[in-house]
Amino acid sequence: MTADGRTSITVERCGYCNTTIALETGPDGTSEWTLDDSDYGPEGSSDNQKGNR
(Lines give C-alpha, C1' and ligand atoms only; values in the text may rest on other atoms or scores of the structure.)
Protein backbone atom coordinates (compact mmCIF):
# COMPACT_ATOMS: atom_id res chain seq x y z
CA MET A 1 0.00 0.00 0.00
CA THR A 2 1.13 3.51 -0.69
CA ALA A 3 0.87 6.35 1.80
CA ASP A 4 -2.61 7.35 0.57
CA GLY A 5 -3.96 3.90 1.49
CA ARG A 6 -5.89 3.64 -1.78
CA THR A 7 -3.16 2.37 -4.09
CA SER A 8 -1.26 -0.91 -3.96
CA ILE A 9 1.89 -1.82 -5.86
CA THR A 10 2.83 -5.47 -6.39
CA VAL A 11 6.31 -6.30 -7.70
CA GLU A 12 7.38 -9.68 -9.10
CA ARG A 13 10.88 -10.54 -10.32
CA CYS A 14 11.82 -13.52 -12.50
CA GLY A 15 14.77 -15.38 -11.02
CA TYR A 16 15.76 -16.65 -14.47
CA CYS A 17 15.79 -13.50 -16.65
CA ASN A 18 15.77 -10.83 -13.88
CA THR A 19 12.78 -9.06 -15.47
CA THR A 20 10.64 -7.24 -12.94
CA ILE A 21 6.91 -6.62 -13.35
CA ALA A 22 5.26 -3.91 -11.24
CA LEU A 23 1.46 -3.76 -11.01
CA GLU A 24 -0.16 -0.64 -9.54
CA THR A 25 -3.85 -0.81 -8.61
CA GLY A 26 -5.66 2.29 -7.39
CA PRO A 27 -8.72 4.49 -7.76
CA ASP A 28 -7.67 5.52 -11.29
CA GLY A 29 -7.41 1.92 -12.53
CA THR A 30 -4.50 -0.44 -13.04
CA SER A 31 -1.09 0.18 -14.60
CA GLU A 32 1.56 -2.43 -15.36
CA TRP A 33 5.25 -1.95 -16.02
CA THR A 34 7.85 -4.46 -17.18
CA LEU A 35 11.23 -3.37 -15.88
CA ASP A 36 14.70 -4.47 -16.97
CA ASP A 37 18.18 -3.05 -16.41
CA SER A 38 17.49 -0.14 -18.79
CA ASP A 39 14.63 1.06 -16.53
CA TYR A 40 16.96 1.87 -13.66
CA GLY A 41 18.47 4.85 -15.46
CA PRO A 42 17.38 8.47 -15.93
CA GLU A 43 14.63 7.67 -18.50
CA GLY A 44 12.64 5.31 -16.24
CA SER A 45 10.03 2.86 -17.54
CA SER A 46 6.86 2.87 -19.67
CA ASP A 47 3.29 1.82 -18.95
CA ASN A 48 2.61 -1.46 -20.84
CA GLN A 49 -1.10 -0.71 -21.27
CA LYS A 50 -0.35 2.36 -23.37
CA GLY A 51 1.92 0.43 -25.74
CA ASN A 52 4.99 2.42 -24.76
CA ARG A 53 7.28 -0.53 -24.19
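This section describes the fold, strand pairing, cysteines and selected residues of one chain.

The model is predicted. The chain has 53 residues, and buried residues make up 15% of them. Its secondary structure comprises 0 helices and 3 strands. From the N terminus on, the elements follow the pattern β-β-β. The exposed area of the chain is about 4100 Å². Carbon and sulfur atoms supply 47% of that area. Contacts were also considered by sequence separation. Of those between residues at least 6 apart in sequence, 2% join residues at least 24 apart.

The strands assemble into an open sheet. Its order is β1-β2-β3, and the pairing is antiparallel. Strands β1 and β3 stand at the edges. Each has a single partner strand, so one side of each is left without a neighbour in the sheet. On average, neighbouring strands are turned by 15 degrees against each other, direction ignored. In general, strands of a sheet pair through backbone hydrogen bonds, either parallel or antiparallel.

The pairing was then resolved strand by strand. Strand β1 spans residues 8-13, and β2 spans 20-26. These two strands pair in the antiparallel sense over 6 bridges. S8 stands opposite T25 in β2. R13 stands opposite T20 in β2. Strand β3 covers residues 29-35. It is joined to β2 by 7 bridges, and the two strands run antiparallel. E24 has S31 in β3 as its bridge partner. T20 has L35 in β3 as its bridge partner. T20 thus appears in both pairings, facing R13 and L35.

Two hairpins connect the strands. The hairpin of β1 and β2 has 6 residues between the strands. The hairpin of β2 and β3 has 2 residues between them. N18 lies in the loop between β1 and β2. Its phi is positive, near 65 degrees, and N18 is a residue other than glycine. Most residues other than glycine have a negative phi. N18 counts as partly exposed because its relative accessibility is 41%; the partly exposed range lies between 20% and 50%.

The cysteines were examined next. The structure holds 0 disulfides. The sulfur of C14 has its closest cysteine sulfur in C17, at 3.6 Å, which is too far for a bond. The cut-off for a disulfide is 2.5 Å between the sulfur atoms. C17 is likewise in no disulfide, and its nearest cysteine sulfur is that of C14. In general, a disulfide is a covalent bond between the sulfur atoms of two cysteines. C14 has a relative accessibility of 31%, so it counts as partly exposed. C17 is partly exposed too, with a relative accessible area of 44%.

Two strand residues were placed relative to the N-terminal part of the sequence. G26 is located in strand β2. Its relative accessibility is 21%, and it therefore counts as partly exposed. The limit for a buried residue is under 20%. G26 touches R6 and T7, with residues up to four places away in sequence not counted. G26 and D4 are 22 residues apart along the chain, and their C-alpha atoms are separated by 9.9 Å. T30 sits in strand β3. It counts as partly exposed because its relative accessibility is 33%. T30 and T7 are 23 residues apart in sequence. Their C-alpha atoms are 9.5 Å apart in space. T7 therefore features twice here, as a contact of G26 and as the other member of the pair with T30.

How values were computed: Residues numbered from 1 in each chain as written. Predicted model: local features only at pLDDT ≥ 70, side-chain atom pairs only at ≥ 80, totals over all residues. Heavy atoms only, no water. Helix = DSSP H or I, 4+ residues; strand = E, 2+ residues; numbered from the N terminus. Buried < 20%, exposed > 50% of the residue type's maximum accessible area, 1.4 Å probe, protein only. Contact = heavy atoms within 4.5 Å. Areas by Shrake-Rupley, 256 points an atom, 1.4 Å probe, with all protein chains shown as cover. Pairing = 2+ DSSP bridges. Axes fitted to C-alpha atoms, helices over the stretch in contact; angles between N-to-C directions.
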